[in-house]
Every structure is written in structure tokens, then in C-alpha cells.
Amino acid sequence: MDDIGRLRHTFNTLPPKPEYLAKVLSALSKDSELSEKDLVLRTGLTKTQALCALIELVKNKKVTKSEDTKRYSIALPKE
């Protein structure tokens, strides 16, 4: 099972609040790559709030996760 599927079963199935998505995107826009821990510290969200926002953003292809570094970044638009 991939990370998103595993995390989706770990947490609730309610969509994250728009302000959580905005906080994660704002933090990622200021740094090129952030770990889950860095995102929690920079956004002030709980780990669950940050992870649920990340799951939604990755699912919608707005954020990507590097499998090598386990860090997240804003997805680059495809040309």
C-alpha cells in the first residue's frame, strides 16, 4: 500500500479545511522542500492536520513527495 493509502486509513476521511491547505502551500512556497516535521513546525498545524492536508494536495497533484528524501515540494506545472 502506498503512503497515501496507508495514511488515509490511519486518519479520518473528512477533507482538510481550506485554511490547512493554504498554510501548507504557503510554507512550501517559502522553502523548496520540507519534511513532514518541518511542515508541522512552520504551519503550526497538528501532525494529523498537516498530513491530511498533504494527502489532499498530493492527490490533487499540487504537491509532490520525493521518495529519496521523503520531503515535499510544490508540484511544477507540466509544459
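**Exercise 1.** At what angle do helix 2 (residues 18–30) and helix 3 (residues 36–43) pack, and how far apart are their axes? Classify the arrangement and describe the contact.

Solution. The model is predicted. In it, the two helices pack at an angle of about 110 degrees, and their axes are 10 Å apart. Angles of 65 to 115 degrees count as roughly perpendicular, so helix 2 and helix 3 are roughly perpendicular to each other. Helix 2 contributes Lys 23, Val 24, Ala 27 and Leu 28 to the contact, and helix 3 contributes Leu 39, Arg 42 and Thr 43. By type, the residues of this contact are 4 nonpolar, 1 polar and 2 charged.

**Exercise 2.** Find the residues with the most contacts inside the largest nonpolar core, and state which helix supplies its largest share.

Solution. This core has 14 residues, and those with the most contacts inside it are Val 24, Leu 28, Leu 39, Leu 54, Val 63 and Tyr 72. Helix 2 and helix 4 (47–59) each supply at least two of its residues. The largest share, 5 residues, comes from helix 4. Beyond its neighbours within four places in sequence, Leu 54 is in contact with Val 24, Glu 36, Leu 39, Val 63 and Tyr 72.

**Exercise 3.** Check the length of helix 4, then list its buried residues and describe what follows the helix.

Solution. Helix 4 has 13 residues, which at 1.5 Å a residue should span 18 Å. Its end C-alpha atoms are 18 Å apart, so the two values agree. Buried in helix 4 are Ala 50, Leu 51, Cys 52, Ala 53, Leu 54, Ile 55, Glu 56 and Leu 57. After helix 4 comes Lys 61, with a positive phi near 60 degrees.

Key. Residues are numbered from 1 along each chain as its sequence is written. This is a predicted model: local features need pLDDT of at least 70, side-chain atom pairs count only at pLDDT 80 or more; totals for chains, interfaces and linings use all residues. Side-chain values use heavy atoms; hydrogens and water are left out. Axes are lines fitted to C-alpha atoms, for helices over the stretch in contact, and angles run from 0 to 180 degrees between N-to-C directions. Helices (H or I, at least four residues) and strands (E, at least two) are DSSP runs, numbered from the N terminus. Angles under 35 degrees count as roughly parallel, over 145 as roughly antiparallel, 65 to 115 as roughly perpendicular and the rest as oblique. Contact means heavy atoms within 4.5 Å. Ala, Val, Leu, Ile, Met, Phe, Trp, Tyr, Cys and Pro count as nonpolar, Asp, Glu, Lys and Arg as charged, and the others, Gly among them, as polar. A nonpolar core is a set of buried Ala, Val, Leu, Ile, Met, Phe, Trp, Tyr and Cys residues joined through side-chain atoms within 4.5 Å. Buried means under 20% relative accessible area, exposed over 50%, partly exposed in between (1.4 Å probe, protein chains only). The expected span of a helix is 1.5 Å times one less than its number of residues.
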